[in-house]
Amino acid sequence: RSWSAGPHGGMLHTPPTTSNPLSVGGHEMSRWNDPVVYFKLRSARQDLPGTQPEFVLQAMPFMTWQVLKLNLKQRWHQLKQIPDASIRLLYKGVELRNSAVVDDYHMEGGTIDAPIELQYLIIDQALEQQCPSRGVLATITETPKIGMYVDAQVPSIPKLRELVQECREALSLGILPKLCDEGTGATYMLRGVSGEILAVFKPKDEEAFAPNNPRNYQGKENTQGLRQGVLSTTQAAREVAAHLLDHKGFSDVPKTTLVHAKHPNFCNPKGKDGVERVVWKIGAFQEFVGNAVDTAGNLAPRLFSHESVHNIGILDIRCVNLDRNDGNMLAKKTPSGKFSLVPIDHGLSLPDRLEVYTSDIAWMSWAQAKVPFEKHTRDYIMKLNGASDAHLLAKVLGIRRECLRLLEVTTMLLQIGTSKGLTLYDIGTIMYRDEVAGDEPVQPSLLEKAINDVVSRVSAALAITGDCRTQKTLPRTVVGLDLASSQSSARKSGRVSAAAEAASNPPPPLDTPHLRPTSSPAASPQGHSPTTPEVPLMSLDGGGESD
């Protein structure tokens with residue numbers, strides 16, 4: 001099986017296998033045509049520098065991650081008695097499932113010169129090992145039930161790392177995390193040693209419809225969550241993504257990073273014996289906004305500055321926020337008497353489909369959204385780079401390409417609208433769906449129609465020419481759309497024939513901004529060939545994740 005393409009110009013490009021057979025679990029494997037994949041493993045425990053070694057391991061694309069764990073245990077003899085369940089392999093903060101194969105994940109690198117970086121985490125074990133940096137025997141004993149450290153993959157400023165350290169010290173001194181009463185997922189208030197609230201922690205396994213949700217909204221990992229398009233246990237990464245997208249603090253998103261933490265007060269899973277097990281959790285760690293006086297929902301909208309509303313609206317459009325209600329904007333008093341707004345709760349953003357209604361966005365009904373952008377705001381918008389931001393989020397958070405496509409498109413929409421003198425409200429009317437009454441059919445937004453129009457024209461052109469050279473002339477964002485995933489449903493509904501009809505009778509252009517070519521960094525990670533004669537239209541209503 002050939003190695004599939006990755007999200008940014010090829011997932012792996014590795015040299016052919018060597019003449020030496022690969023040894024796995026003490027058994028010799030015959031050579032395969034697949035390339036060897038190289039991994040660099042280092043400890044996820046950044047609070048224990050120099051005490052846990054690094055390893056370079058290799059595997060074949062068809063191997064499972066459990067085999068890689070076996071290789072790790074062979075290289076590090078102190079792990080031989082540790083059960084596999086107590087060893088976690090992490091890629092950008094996401095745990096790699098034992099039964100999944102290497103080829104299931106789209107990862108960058110994999111050559112001997114550029115191995116894929118993974119992290120390993122040993123859970124609740126005391127290990128004796130030779131510490132290479134000091135040349136002496138060191139004993140690592142983890143605090144049995146309390147711990148917190150920053151994920152090494154996510155960029156974090158020193159101030160945020162210091163805040164994590166303060167919270168960890170307070171936890172170790174008996175300052176308990178407190179579960180908030182509001183919300184469908186878990187949000188824990190973290191206090192310092194003097195009792196003041198320093199930060200909030202949102203574990204991904206306690207989100208709505210995640211396995212350990214404390215409010216009985218439980219479900220399996222990576223299944224349908226609160227809204228179509230955002231899977232369970234992925235909201236923590238989106239909280240961090242909103243902070244990374246807020247360049248230079250333009251929208252005033254609180255500083256956020258990804259941490260690993262454990263504490264008996266968290267909602268921990270129970271073992272087969274019914275006893276609760278305190279485990280390491282991955283989640284979003286966000287500084288607490290201590291100077292907020294209230295939420296926006298408890299104040300009159302006329303009290304908010306139009307710049308603050310614009311700044312939040314720009315972020316919401318870019319990340320396709322599905323839930324900008326007036327309860328997830330905090331208000332801070334300014335010297336002018338107006339209030340500035342602080343956006344929080346971005347877990348329901350970066351979806352894999354465009355299904356946002358005007359009623360989901362509080363500022364769409366505010367007068368400030370109809371005020372023209374200031375010059376410095378226009379300058380900020382025009383300097384945004386959706387392709388670069390998509391690359392960053394894929395690299396450090398592993399967010400799916402299906403979700404990052406929309407980030408690129410909506411950034412482009414924001415820039416086109418701004419260049420044409422549109423207001424935030426005008427751009428919102430293009431992107432968001434109108435509410436419908438009763439049993440009336442849902443009407444797609446103007447942006448959805450524009451995307452469908454582009455895809456149908458591309459599909460028709462490819463269906464007629466059957467020439468892969470046609471792909472080279474297309475915008476790379478359009479090339480990246482994964483049309484093949486919709487083929488089965490499209491054939492059932494007869495939409496493939498509609499593409500052929502569109503080739504001979506192309507539809508008239510819509511009265512919406514045209515999507516210009518973009519510098520998207522990647523084509524479809526699945527690597528589908530554009531020469532397939534039957535390429536269907538893409539549906540944005542209730543289709544698969546790729547839609």
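These legends walk through several close-up views of a predicted model.

**View 1. The whole chain sets the scene for the close-ups.**
Welcome to the predicted model, in which the chain has 12 helices and 18 strands. Of its 547 residues, 51% count as buried. Sequence-distant pairs feature strongly here: among contacts with a separation of 6 or more, residues 24 or more positions apart account for 70%. Several of the views below pick out pairs of residues that sit far from each other along the chain.

**View 2. The second largest pocket and the residues around its centre.**
This pocket holds about 950 Å³ of space. It is lined by 39 residues, and those closest to the centre are Glu182, Thr187, Lys202, Ile344 and Asp345. What is the lining made of by class? There are 16 nonpolar, 12 polar and 11 charged residues in it. To find your way around, look for β11 (178-179), β13 (197-203), α3 (235-245), β15 (281-287) and β16 (294-295), each of which supplies at least two lining residues.

**View 3. Helix α3, a contributor to the pocket lining.**
Here we stay with α3, one of the elements that give at least two residues to the lining of the second largest pocket. The helix is largely enclosed by the rest of the structure, because 10 of its 11 residues are buried. Reading along the helix, the buried residues are Gln235, Ala236, Ala237, Arg238, Glu239, Val240, Ala241, Ala242, Leu244 and Leu245. Charged side chains are part of that list too, with Arg238 and Glu239 both buried.

**View 4. The largest nonpolar core, with Leu341 in focus.**
Which of the 39 residues in this core touch the most other members? They are Leu341, Trp363 and Trp366. The core draws at least two residues from each of α4 (306-318), β17 (329-333), β18 (339-343), α5 (375-382), α7, α8 (424-431) and α9 (446-465). Zooming in on Leu341, and setting aside residues up to four places away in sequence, you can see that it touches Ser251, Asp252, Ala296, Phe304, Ser308, Val309, Ile312, Met329, Leu330, Ala331 and Trp366.

**View 5. Helix α7 from its first residue to the glycine that follows.**
Helix α7 covers residues 401-419, a run of 19 residues. From its first C-alpha to its last it reaches 27 Å, close to the 27 Å expected at 1.5 Å a residue. The helix is mostly covered, with 18 of the 19 residues buried, and it supplies at least two residues of the largest nonpolar core. After the helix comes Gly421, with a positive phi near 80 degrees.

**View 6. Leu72 in helix α1 and its neighbours in space.**
Leu72 sits in helix α1 (residues 65-75). With a relative accessible area of 0%, Leu72 is buried. Apart from neighbours within four places in sequence, Leu72 is in contact with Leu41, Phe55, Leu57, Leu79, Ile87 and Tyr120. Take Leu41 from that group: 31 residues separate it from Leu72 in sequence, and the two C-alpha atoms are 8.8 Å apart.

**View 7. Tyr38 in strand β3 and the loop that holds Gly109.**
Strand β3 (residues 37-43) contains Tyr38, which counts as buried at 10% relative accessibility. Beyond its neighbours within four places in sequence, Tyr38 is in contact with Leu57, Gln58, Gly110, Thr111, Ile112, Pro115 and Ile116. Gly109 belongs to the loop between β6 (94-95) and β7 (116-122) and is partly exposed, at 22% relative accessible area. Tyr38 and Gly109 are 71 residues apart along the chain, with 8.3 Å between their C-alpha atoms. For Gly109 and Phe39, 70 residues apart along the chain, the C-alpha separation is 8.8 Å.

**View 8. Two loop residues with positive phi that are not glycines.**
The loop between β13 and α3 holds Asn216, whose phi is positive at about 65 degrees although it is not a glycine. Leu350, in the loop between β18 and α5, is not a glycine either and has a positive phi of about 50 degrees. Are these residues buried or exposed? Asn216 is exposed, with a relative accessible area of 68%, whereas Leu350 is buried, at 1%.

Note on methods:
Residues numbered from 1 in each chain as written. Heavy atoms only, no water. 1 Å grid on protein atoms, 1.4 Å probe; cavity = no way out; pocket = protein on both sides within 12 Å on 5 of 7 lines; lining within 4 Å. Points joined across faces, edges and corners; volume = space filled by probe spheres on them. Helix = DSSP H or I, 4+ residues; strand = E, 2+ residues; numbered from the N terminus. Nonpolar A, V, L, I, M, F, W, Y, C, P; charged D, E, K, R; others polar. Buried < 20%, exposed > 50% of the residue type's maximum accessible area, 1.4 Å probe, protein only. Expected span 1.5 Å × (residues − 1). Core = buried A, V, L, I, M, F, W, Y, C linked by side-chain atoms within 4.5 Å. Contact = heavy atoms within 4.5 Å.
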